[in-house]
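Me: I would like to learn how to read features off a model. Could you take me through one?

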Amino acid sequence: MNYEKMTKAELIRELNRLESRLEIISARGRAEKVEEKLKVSEEKYKSLIENLQDNFIFYSHNTEGVFTYVSTSIMNVLGYLPEEFLSHYSKYMTDNPENEKVVKQTALSLKGIKQPPYEVEIYHKNGSVRTLKVQEVPVFDEQGRVSAVDGIAEDVTNRKKAAKVLWESKEKYYSLVNDILNSSMVGIFILDKKFNVVCANQAIERFFGMRKECFIGKDKKQLICNHIKNIFENPKSFMETVIATYDNNTYTESFECHVLSDGKREERYLEHWSMPIDTGVYKGGRIEQYTDITKSRKTKDALCESQKMLGIVMDNIPQSIYWKDTKSVYMGCNKNFAKKAGKESVEEVIGKTDYDLAWKKEESDFFHKCDRRVMDTKKPEYHIVKRRQQADGKQAWFDTNKIPLCDFMGNVIGILGTSEDITERQEAEGIIEKFKILINNISDLAYICDANGNVLYLNNAFEELSGHKPEEFIGKPFTPLFDKENLKKAMELYTKTLEGKTLRREVTFKNTGIVCEYNNIPLRDKQGNIIGVLGIARNITERKKMEEELTKLNTTLQEQDKVRTAFMSTVSHEVRTPLTLVLGFVRIIDKKLERIIFPLINIDNSKVNKAVKQIRKNFKIIKSEGDRLTFLINDILDISKIEAGKIDWQMKNLSVAEIIKGSLEASNSFYEMYELEIVAEIESGLPEVMANNDKLKQVLINLISNALKFTEQGPVLCSARKVNREIVISVIDKGIGVAEADQERIFEKFYQIRNEHKDTLKGTGLGLAICKEIVEYHGGRIWVESKLGKGSNFSFSIPYISE
C-alpha cells in the first residue's frame, strides 16, 4: 500500500484500522497465554485432587445430575472405578429418608445458591452402606449461568461409627453412674462451682418429697431459701448452716436435721455431710450427702425412753428393788425402797449398809447373813418371809428375794434384791377363811377340779343338789354323778374349759334329777398355765319346768294363729268375689245414669236437681268405700299369704329408677285426690337390685298414699340414693308426723295411729306391717324418722347387686 500518495485523512483512517487490528492480535495473544496458564493450573488441580486422602472424593456433575468427573479416590471409598460411577447421582443413594434432602440441596446448588455441608448415605460396590459428608459449589459460565456443580465428599462412616460407640459408651457410663447413685440409700447432691445442682439421686426425691427435675440446673441457695428449708423442723438453722458452706467452700460440714412429714414425704431424721470438690469437672463445687438415720435415731430415742420408762417403772412399782456390792453396801435402789428405809431420796441410801437404815439390829444381822450366803453359794434365795420394822416404827411383813450379781466371767460382784410388802396379803388370809364360810353357805354349788378331773373342793350345797356328801368325791373323779347322756355334756364342758374357753351347760344329776346350769372358767397358776377348773352350778329345775310350759303354750298359740290365718284368708276370698261383682255393677249403673238417665232429667226443678246430686254423691261413696274394702281385703290376703309362705316372689334384676317411676304413675289418683305435688330425686348411676317388681311397688305406693293422706301441704318427696352396700329409698312429707312412742310399734300388725285431723280411723293397720315383711324378705329394713307437726321420713333399704 502506497502511504506516500495518501492524504492526511486517509492516513489517519489507515492508522486507526491498523491500531484496531493490532489490538485484536494482542488480545488473541493474551487469551492464548491465559488459556495456557489455565491448562497448567487445571493439570495441577487435577493432580492435587487425584492425590487427596483416601477418604475424600472430588466430583463434578452437570445440570442434569449426571457425573462428568470423579476422582480416582472413589475406588478406595466406594470400590468403583471412576468410569463406573459416571451416572446420575441418585442411582447410588440408599432409601434412607434423610437422603431426600440431597435432591433439595442439589436443586438449590443448580440455582447458584451455595449450600452448607450435608451427609448422604451411598451404597458401596460390595453392597455395604457408607456415609459421606458432602460440600458442593455451583460453577458459572461466562454469562453467569450455572453450568455444573463441583463437590468434595468425605467418607465419615468410621468416624460416625466411632462417635456412636463413644456416645453409647458415654451413655452406658452415665447410666452406670446414675444406677449407682440411684441405688444408693444415701441422698446425694452434686453442685458446680456456682452451686447449681448438676446431680440429685432418687434417695433425695424420697427424703425431700420433690422430683429431682425440681433441683437439676437450679441455684441451690435459692432452692434452700424458697423451698427446701421449709421441710425441716428448724428451717432457719438448716438454711444458715448449709449456705455458710457455700460462702466459705473450704471445709467439711456435718449435722443432723429433722424432716417433717406431709402428703409427699415421710418424717425422717437425716445426717447432712458435705465437702468441697477439689478436682475434676466440678472443681470448686460441693458434694452433699444425706444419710437416713431415722431408725438409729428412733432406736436411740426408744432406748432413752426405755431407760426413762424403766426408771419410772422401778420408782412406781409396789416392790422395793435394790442392789449391793460384795460388802453389802448399797449401790442403788428405787424410790419405794428409799422410802421404806426412811430416806428422802435414792442418793441418801447409796453408800449405806443395812445397819445405817431404819431396821432393827437383829433384822440387819439376818439380812446381812442372807447376803453372804447367796454370794458365797452363787445361788438365789426366794420368798424369804420376814417381819421388819419400817421407818414409821411399825412392823410389816415382807417377802424378799435375793439373787447373786455376776460379771461376764462369772465372778460375784454383788447382790440384787427385791422385797414386797405382804402385810395386806397376810391379813387377807383371815378374810379368805371368812369367805370360805360364806361359800359353804350359799345355795349354788361351788366346785374346783384339777386337770385330771379329780374334785378338789365342793361347798355344802353339793349334798342337797347331788344327794352325796362332799367328802365322798374329794380327790376322786366326778364322773359317777351323771348318767351317760349328761356325763357327755359334763365332759364336753370340762374339756373345753381346760382349752381356755369359758362355757355354760345344763347338766342333770343322776341321783336327784335336779337340773343345774354350770358355768366354768379355767383355773390358772401364777405363770398363766391352766391347772384346773373353777365353777358354779345353779339349780334351774323349776325354771326348766316353766320353760316347757311356755313352749307348749307357744305351740298352742301358733296353731291358733294358723287357724286364724286360714280363716281370714277364706273369709277374704268369700267377701272379695261378691264385692267385685257389686263394684262392677255400681260402675255400670253409674255410667248408665250419667250417659242416659241424667241427661233426660229436667234439673231446673230444685228438688229433682237435689236428688240427682244426692244420687251422684251416694254412688261416689259406694265406689270409694268399695275400693277401700277391696284394699283391706287385699291387705288381709297379702299378710295371710306372707305368714303362710305362699308368696311366689319371682325375683329379678330391676332398675330402682323404673320401680319409682312405675309407683308414681300408679299413685296418680292419690295425689290428684289430695291435690298435692310429688317430687322424685333419684341419684344417677344407681346399680340394679334383685327384687320382685310388684311387691316393691306395693311398698312404695303404700308409703306414698300414707304421706298424701296425712299431709295438708306438699310437696311429698320420693328419693333414692346409694348408701354403703344398699339402695335407700325414702318418702318424705311435711305432714302431721309420728309420735316417738308410736314409732316403735307402727310396723306391727293391726296397729293404727289416731289422726286428730280426721274423724275416724280407716284401714286395718296392715299396710306398714306388709311393707316390713316385703322389705325384710328382700334382705333390707324399714324405719321412720319423724317429729310431731314436722313431717315424717319413711325409708327402706334394699341390697344392690355387686358389679
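Reply: What follows goes from the whole chain to helix packing, then to single residues. Keep in mind that this is a predicted model.

Me: Start with the whole chain. How many helices and strands are there in the chain?

Reply: The chain has 20 helices and 27 strands.

Me: What share of the 803 residues in the chain is buried?

Reply: Buried means under 20% relative accessible area. In this chain, 35% of the 803 residues are buried. The exposed surface comes to about 49900 Å². Carbon and sulfur atoms supply 54% of that surface.

Me: And how do I read contacts by sequence separation?

Reply: Take the contacts between residues at least 6 apart in sequence. Of these, 49% join residues at least 24 apart.

Me: Now helix packing. At what angle do the axes of H16 and H18 cross?

Reply: Read the axis distance and the angle together. Helix H16 covers residues 656–666, and helix H18 covers residues 693–709. Their axes come within 9 Å and cross at roughly 55 degrees. H16 is therefore oblique to H18. The crossing of the two is right-handed.

Me: Which residues make the contact of H16 and H18?

Reply: From H16 come Ile659, Ile660, Gly662, Ser663, Leu664 and Ala666. From H18 come Asn693, Leu696, Lys697, Leu700, Ile701 and Ile704. Sorted by class, the contact of H16 with H18 has eight nonpolar, three polar and one charged residues.

Me: H18 also packs on H20. How far apart are their axes?

Reply: The axes of H18 and H20 are 10 Å apart. H20 covers residues 767–777. The angle between H18 and H20 is about 145 degrees. H18 passes H20 in a left-handed crossing.

Me: Which residues of H18 and H20 are in that contact?

Reply: H18 offers Lys695, Gln698, Val699, Asn702, Leu703 and Asn706. H20 offers Gly767, Leu768, Ile770, Cys771, Ile774 and Val775. By class, the contact of H18 with H20 holds seven nonpolar, four polar and one charged residues.

Me: On to backbone angles. What should I look for in phi?

Reply: Look at the sign. Most residues other than glycine have a negative phi. Ser328 has a positive value, near 65 degrees. Lys378 also has a positive phi, near 60 degrees.

Me: Where are Ser328 and Lys378 found?

Reply: Ser328 is in the loop between strand S11 (320–324) and strand S12 (330–333). Lys378 is in the loop between H10 and S13.

Me: Is Ser328 buried or exposed?

Reply: Ser328 counts as buried because its relative accessibility is 3%. Lys378 counts as partly exposed, at 47%.

Me: Lys379 is in the loop between H10 and S13 too. Why does Lys379 count as exposed?

Reply: The cut-off for exposed is over 50%. Lys379 has 56% relative accessibility, so this residue counts as exposed. The flanking elements are helix H10 (361–377) and strand S13 (381–389).

Me: What does Lys379 touch, leaving aside neighbours within four places in sequence?

Reply: Lys379 is in contact with Val374 and Pro404. Now compare sequence with space. Lys379 and Ile403 are 24 residues apart in sequence, with 7.0 Å between their C-alpha atoms.

Me: Give me a residue in a strand. Where is Leu132 found?

Reply: Leu132 is found in strand S4, residues 129–140. At 5% relative accessibility, Leu132 counts as buried. Set aside the neighbours within four places in sequence, and Leu132 still has contacts. Among them are Val77, Leu78, Tyr118, Val120, Ile122 and Val156. Ile152 is 20 residues away along the chain, and its C-alpha atom is 9.5 Å from that of Leu132.

Me: And in helices? Is Thr541 buried or exposed?

Reply: Thr541 counts as buried, at 18% relative accessibility. Thr541 lies in helix H14, residues 541–600. Not counting residues up to four places away in sequence, Thr541 touches Ile514 and Val515.

Me: One more. What is the relative accessible area of Lys436?

Reply: Lys436 has 42%, so this residue is partly exposed. The place of Lys436 is in helix H11, residues 423–439. Lys436 and Asn459 are 23 residues apart in sequence, and their C-alpha atoms are 8.6 Å apart.

Definitions and conventions. Residues are numbered from 1 along each chain as its sequence is written. This is a predicted model: local features need pLDDT of at least 70, side-chain atom pairs count only at pLDDT 80 or more; totals for chains, interfaces and linings use all residues. Side-chain values use heavy atoms; hydrogens and water are left out. Axes are lines fitted to C-alpha atoms, for helices over the stretch in contact, and angles run from 0 to 180 degrees between N-to-C directions. Helices (H or I, at least four residues) and strands (E, at least two) are DSSP runs, numbered from the N terminus. Angles under 35 degrees count as roughly parallel, over 145 as roughly antiparallel, 65 to 115 as roughly perpendicular and the rest as oblique. A crossing is left-handed if the near helix is turned anticlockwise from the far one by less than a right angle, and right-handed if clockwise. Contact means heavy atoms within 4.5 Å. Ala, Val, Leu, Ile, Met, Phe, Trp, Tyr, Cys and Pro count as nonpolar, Asp, Glu, Lys and Arg as charged, and the others, Gly among them, as polar. Buried means under 20% relative accessible area, exposed over 50%, partly exposed in between (1.4 Å probe, protein chains only). Accessible areas come from the Shrake-Rupley method with a 1.4 Å probe; for residues, only the protein chains shown count as cover.
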